[in-house]
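Q: I'm new to this one and would like a close look at a single part of it. Could you walk me through the place where its two domains meet?

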Amino acid sequence: MRGTNVSVMEDVDIAIVGGGPTGLAAGIYAARAKRRTVLWERGVLGGQIALTGVVENYPGFPEGVQGPLLALDMHRQADQFGMETRYDGISSITREPEGTQFILETDSGDAYRAKSVIVSAGGTPVKLNVPGEEAFTGKGVSYCATCDGAFFKDEVVAVVGGGDAAIEEALFLTRYASQIHVIHRRDSLRASRVLQDRAFASDQIEFIWDSTVEDISGDEDVDRVTLRNVLTEERSELAVGGVFIFIGHHPNSELLGALTKLDEGGHAYVNLWMETEQAGLYVAGDVRVDAARQLASAVGDGVTAAIRSEQYLQEHYS
Ligand code: NAP
C-alpha cells in the first residue's frame, strides 16, 4: 500500500479532491467553517461546467449563466473564505497506519495529512473503442460540442448516443453545423422528453436508428464513419467532418477502490450524507452512486459532504 512511508509535509483539516462544482461548493462551506481546507485539481477548475456554454437550468439564473464564468465565481467565493487551491493531482489516499487521519500523495510527490477527505473527482467520457477514435481525437473526434462545435461551421457531423448529453449537444451543434446525424444503437431515445421534442423539431437533425459506429476514418482529419445496422448487419459509409461521442461517463474513482465499496460501474456507495464506510471519507457528485448528475445536485452533494465533514471534525477533533 502506498502512503505508509512518506514524511508528511502539511496538515489539512478538510481535503477536497476535484475542483468541479461539487468540490468548489464543498470548499465554500468547509473554508467558511474556518477549517483549513485544501482543494486539489489536476486539470481545469469547474469540471464539466468549464466545458459548457450557457447553463440554462441552474436555479436563480433565468437568463442562463456561462458555465466557465460560474466556475470562476464559485472558486473566487471559496477563495475569499480561505480555501487553498493546489493545481496538482492526488495519486493516492490511504489511512494513516496507526491513526485515524488520511494521507494524500500528489502527482508531484508531496504528501499531506488530512482529518477528513471529500472526493469529488467527477467522471470522464466513455469511449466507443473503435478504430480511428483515438487517432482522430482532436482531429474531428470530440467529446464536447460546446468546446469544439464552432470548428464545424457549415459541416455535416455525427453525434453518437441517445441520452440527454447526446441530444443536448446535437441541439447545440445546430448553431454551427449544417446537418447533424444522431446515430443511436436503438430506435428510441433515453433523453428527456423536452430535449427529444426539440431535436425532432429541428430540420438540421436527422436520426439514424439501430446503428453503431464501427470505424472512423479520414486523411488528416475525419471525413467518414462506417455504420453497422444492428438489426440487418448492413454496413454503410457516412461522410462527416466531425464525430461527437456522448455515450456516458466513467466515474473517476480509482483512488477509492481500496478504501470503500464501489458498484459495478465504479461509483462509490454513500448514504444520504455522502458518508462512505470509512469514517471521515465522503464521496460526492458524479463519482457516487445514484447521482442525478446535474449542476445543482452536484453543488448540493458538495454542500452536504462539507457539512457532514465539519460535524465529523467537531465530534473527533473539536
Ligand atoms: P446516458 O444517459 O447514460 O446515455 C448514454 C447513451 O449512450 C444512451 O443512449 C446509450 O444507449 C448510449 N450508449 C452507451 N454505450 C454505447 C455504446 N457503446 N455504443 C453506442 N451507444 C452507446 O449518458 P449521458 O447522456 O452522458 O447522461 C448522463 C447523465 O447526465 C444522465 O443522468 C443525464 O440525464 C444527465 N444529463 C442531463 C442533462 C440535462 O438534463 N440537461 C444533460 C447531460 C446529461 P442506450 O439508451 O441504448 O443505453
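How much area is buried between domain 1 and domain 2, and what percentage of that do carbon and sulfur atoms give?

A: Sure, and keep in mind that this is a predicted model. The area buried between domain 1 and domain 2 comes to about 300 Å², with carbon and sulfur atoms giving 56% of that. To find your way around, the domain assignment puts residues 6–124 together with 249–317 in domain 1, while domain 2 covers 127–245. Taken over C-alpha atoms, the centres of domain 1 and domain 2 are 33 Å apart. Where they touch, domain 1 brings 4 residues to the contact and domain 2 brings 4 residues as well.

Now zoom in on the domain 1 side. Leu 51, Gly 53 and Glu 56 are the residues there that lose the most area to domain 2, and together they make up 73% of what that side buries. Sorted by type, the residues of domain 1 that touch domain 2 are 1 nonpolar, 2 polar and 1 charged.

What about specific links across the boundary? The count of salt bridges between domain 1 and domain 2 is 0. Polar contacts don't turn up either: the rule finds 0 residue pairs across this interface, counting pairs with both residues at pLDDT 80 or more.

So much for the meeting place itself; in general, the size of an interface is often given as the accessible area lost when the parts come together. That's the kind of value you asked about: here, about 300 Å² between domain 1 and domain 2.

Terms used:
Residues are numbered from 1 along each chain as its sequence is written. This is a predicted model: local features need pLDDT of at least 70, side-chain atom pairs count only at pLDDT 80 or more; totals for chains, interfaces and linings use all residues. Side-chain values use heavy atoms; hydrogens and water are left out. Domain bounds come from an automatic or database domain assignment. Contact means heavy atoms within 4.5 Å. Buried area is the accessible area (1.4 Å probe) that two parts lose on being put together, summed over both. A salt bridge is a side-chain nitrogen of Lys or Arg within 4 Å of a carboxyl oxygen of Asp or Glu. A polar contact is a pair of N or O atoms within 3.5 Å; within protein, one must be able to donate a hydrogen and the other to accept it, and residues adjacent in sequence count only if both atoms are side-chain atoms. Ala, Val, Leu, Ile, Met, Phe, Trp, Tyr, Cys and Pro count as nonpolar, Asp, Glu, Lys and Arg as charged, and the others, Gly among them, as polar.
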